[in-house]
Each structure stands twice: as structure tokens, then as C-alpha cells.
Amino acid sequence: MSIKRLHTNARMSQSVIANGFVFLAGQVATDTAKNVAGQTQEILDKIDALLAESGSDKTKIVQATIWLADHQTFNEMNGVWDAWVPEGNAPARACVESALAFPPYTVEIGVIATV
Amino acid sequence: MSIKRLHTNARMSQSVIANGFVFLAGQVATDTAKNVAGQTQEILDKIDALLAESGSDKTKIVQATIWLADHQTFNEMNGVWDAWVPEGNAPARACVESALAFPPYTVEIGVIATV
Amino acid sequence: MSIKRLHTNARMSQSVIANGFVFLAGQVATDTAKNVAGQTQEILDKIDALLAESGSDKTKIVQATIWLADHQTFNEMNGVWDAWVPEGNAPARACVESALAFPPYTVEIGVIATV
């Protein structure tokens with residue numbers, strides 16, 4: 001049983017593949033000047049890229065966890081999320097509020113997918 | 001490797017089955033007029049029903065995450081939780097506080113089980 | 001498909017092993033008089049011990065979730081975390097803020113590893 005890790009530094013890997021699953025690190029936007037919709041889109045683009053590198057794609061996501069810095073942005077995030085989710089292949093999801101590690105982040109999303 | 005999804009809409013699936021595991025969406029109560037104990041019971045009933053539909057049951061839960069809107073309701077939630085957990089088969093669990101996506105929700109629970 | 005549980009009581013198991021993975025309960029420090037760095041070290045020691053009992057170790061962690069009671073302690077926690085992570089084997093990680101179930105806790109960490 002081997003584990004494959006991508007984009008690994010001393011703190012975390014952005015992707016870890018093992019036993020038929022890929023676990024992505026919680027993704028945040030690089031451009032924190034963007035609004036919630038913009039940060040969400042950037043995060044989903046990063047997830048698409050990481051899943052592709054990992055031999056997976058968004059039709060194979062089994063679980064997503066979404067942390068919002070302010071739950072009042074729920075609808076704004078969902079507008080981008082719902083458009084991105086592939087029809088018929090939505091993951092199990094939990095969305096909760098959390099002050100994020102660095103305050104400029106308004107959204108963070110982590111996923112588990114199959115490979 | 002196939003993925004089976006149950007109760008899927010444009011945003012999420014309530015259950016996703018893959019690689020011997022089932023991932024449930026974070027469950028919340030439908031009747032938010034209930035107190036924390038009542039919401040917890042309703043959530044656990046939903047989890048029982050979803051696991052049954054997914055070919056699993058509460059003796060097979062491996063991980064549970066519980067989000068409480070107010071950590072001072074920890075004991076009230078646990079009274080219902082502890083009575084529900086099957087003897088000898090308690091899951092690994094994390095319980096943290098989070099302002100939930102819709103304020104009337106006081107509890108949200110997500111689980112991973114084997115199938 | 002069997003499930004093995006360690007340190008199981010009526011509420012949770014500290015470790016659950018199934019399908020090639022081990023899921024640990026969210027770990028907190030026993031000595032809550034310690035500062036964030038001290039609590040983090042105690043938690044990581046507990047994770048090392050539980051993984052060893054479960055037939056795993058920190059080089060096999062695929063996902064870690066870190067909840068901080070105060071995100072301003074991010075750097076203090078990371079100082080201990082970064083020194084503990086085995087070179088080249090960092091897990092996918094998400095770190096978010098959460099008022100924890102019992103206020104004296106300043107850090108809680110949950111992990112999934114392979115066995």
C-alpha cells in the first residue's frame with residue numbers, strides 16, 4: 001500500500017492519494033482582495049487542477065467540507081458552487097462557519113474524491 | 001470503481017458510496033423549533049435512515065463530526081448521542097463549535113461509515 | 001469487512017480501523033493549563049501513541065484537521081506541528097477556528113491515516 005503526495009512542504013501536502021482516494025488540503029484563494037464569489041471560484045479552479053494532477057476530477061468527489069468566515073455569505077458562495085457541481089455527481093457536503101486561519105480568507109473548501 | 005449517490009440535487013448528495021465507505025452530507029433538523037436534544041434526535045433518525053438506504057447502519061460508523069452552534073449545549077446533545085450509539089461500536093468523533101449556515105440550526109452531524 | 005475499534009466507550013472510540021484506514025477521534029490535551037504550543041505537543045504525542053496502537057504511524061497520515069480556539073495562535077501551533085511532521089510525508093491539512101467543546105482547550109486535531 002503506497003501513499004503518493006503532491007506539492008508537499010514541511011507543513012502539508014496539497015494532495016495525498018491512498019487506497020483509491022485522494023484527500024486535498026483545505027483550499028483558499030490566493031487573491032484575498034476578491035469577494036466571496038471570486039474567492040470561491042478561485043478555490044474551485046484550484047481543486048479542479050489538483051484533482052487533475054491526482055488522477056481524479058470533480059465528478060468523483062465523495063465529500064466536501066466548506067468553511068465560511070461569515071455564514072451570511074452562504075448564498076453568494078452557493079451561486080458559484082452550484083454552477084460548478086457536475087450534474088448528477090454532487091458530493092456529500094457540510095458547510096459550516098469558521099473564523100479562518102488568516103482573516104482575509106472568506107471561504108475554505110476541502111474535498112475527498114476517488115481516483 | 002463506481003460511485004453511487006443518493007438524494008442528489010444540484011448542490012449535494014445526501015449519501016455517496018465508494019470504495020467500501022459511505023459519506024453522508026452534514027445532517028440538520030427539519031424542525032428547527034425543536035431544542036438541541038430534539039434536533040439531535042431528528043438528525044440521528046435521518047442518519048439511521050440514510051445509512052439503511054446506503055447498505056450500512058450505525059454499528060459501522062467510523063467517523064463522526066458534530067458541529068454545535070453553542071458549545072454550552074454539549075451535554076444536552078451528548079445525552080441523546082450517547083443513548084443512540086450502539087454499545088461497543090462508537091465511532092471516532094470530533095465535536096466543535098460553529099455558527100451554522102442557517103442560524104436556527106443548533107446541531108449538524110456528518111458521518112463516514114463502511115458499507 | 002471488519003472494523004476494529006480501540007479505547008471505546010459509550011460516546012466514542014479513540015481509533016477506528018477499517019478498509020485500510022484508521023480514523024482517530026479529535027484529540028485534545030489533558031493538561032489544559034499548558035499554552036497552545038504545549039497543548040499541541042501533547043496532542044501530537046497522543047496521536048503518535050494511538051497510531052502506533054492502530055498499526056500506523058505519522059508517515060502514513062493522509063488528512064489532518066486542526067481546530068484552533070483562536071486563529072491568532074496559528075503560528076504558535078504551527079511551530080510545534082512543523083517540527084513534528086516527517087519530512088516528505090506531510091498530510092493534506094485544513095486548519096480552522098472553532099470555539100472548542102470545553103473552553104480550556106485551545107487546540108484539537110483529528111487525523112485519518114493508512115494502516
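1. Two residues are taken to be in contact if their C-beta atoms, placed from the backbone, lie within 7 Å. With that cut-off, the contact between chains A and C in this predicted model takes 24 residues from chain A and 23 residues from chain C. On the side of chain A that touches chain C, at least two residues each are supplied by β1 (4-8), β2 (13-18), β3 (21-24) and β6 (107-114) of chain A, and the largest share, four residues, comes from β2(A). Sorted by class, this side of chain A comprises 13 nonpolar, eight polar and three charged residues.

2. The contact of chain A with chain B should be read beside the preceding one. Here 23 residues of chain A are in contact with 24 residues of chain B, and the elements of chain A that give two or more residues to this side are β4 (61-68), α2 (74-84) and β5 (92-97). Among these, β5(A) gives the most, with six residues. The residues of chain A on the side that touches chain B divide into 11 nonpolar, eight polar and four charged.

3. How are the copies related in space? As a general matter, two copies of a chain are related by a rotation about an axis and a shift along it. For chains A and C, a rotation of 120° with 0.0 Å of shift along its axis gives the superposition, at an RMSD of 0.0 Å, and these two copies are thus related as by a three-fold rotation axis. The copies use different surfaces, given that 4% of the contact residues of chain A recur in chain C.

4. For chain A on chain B, the superposition is likewise a rotation of 120° with 0.0 Å of shift along its axis, again with an RMSD of 0.0 Å. Which residue of chain A has its C-alpha nearest the axis? That residue is S98(A), whose C-alpha lies 3.6 Å from the axis. Only 4% of the interface residues of chain A are also interface residues in chain B, so these copies meet through different surfaces.

5. Turning to the fold of the single chain, chain A has two helices and six strands, and from the N terminus on its elements run β-β-β-α-β-α-β-β. The radius of gyration of chain A is 14 Å, close to the 13 Å that the globule rule gives for 115 residues, so chain A is as compact as a globular protein of that length. Along its principal axes, the C-alpha trace of chain A spans about 45 × 35 × 20 Å. Buried residues make up 54% of the 115 residues in chain A, and of the contacts in chain A with a separation of 6 or more, 73% are between residues 24 or more positions apart.

6. The six strands of chain A form an open sheet with mixed pairing, in the order β1-β2-β3-β6-β4-β5. The edge strands are β1 and β5 of chain A, each of which pairs on one side only, and the twist averages 10° from one strand to the next. Strands β1(A) and β2(A) are antiparallel and pair over four bridges; R5(A) has V16(A) in β2(A) as its bridge partner. Helix α1 of chain A, residues 36-53, packs on the sheet, where it touches β1, β2, β3 and β6 of chain A, and its direction makes about 25° with that of β6(A).

7. Strand β3 of chain B, residues 21-24, merits a closer look. Are its faces covered or open? Both faces are covered, with F21(B) and F23(B) buried on one side and V22(B) and L24(B) buried on the other. On one flank, β3(B) pairs with β2(B), residues 13-18, in the antiparallel sense over four bridges, and A18(B) stands opposite F21(B). The hairpin of β2(B) and β3(B) has two residues between the strands, and N19(B) takes a positive phi near 55° in this hairpin.

8. The strand β3(B) also pairs with β6(B), residues 107-114, where three bridges join the two and the strands run antiparallel. Here the bridge partner of F21(B) in β6(B) is T114(B). F21(B) therefore deserves attention when the model is inspected, as a buried residue of β3(B) that stands opposite A18(B) and is bridged to T114(B).

Key: Residues numbered from 1 in each chain as written. Chains lettered and ligands numbered in written order. Predicted model: local features only at pLDDT ≥ 70, side-chain atom pairs only at ≥ 80, totals over all residues. Buried ≥ 20, exposed ≤ 12 C-beta atoms within 10 Å, placed from the backbone. Pairing = 2+ DSSP bridges. Least-squares fit on C-alpha atoms with pLDDT ≥ 70 in both. Nonpolar A, V, L, I, M, F, W, Y, C, P; charged D, E, K, R; others polar. Rg over C-alpha atoms; globule rule 2.2 N^0.38 Å. Axes fitted to C-alpha atoms, helices over the stretch in contact; angles between N-to-C directions.
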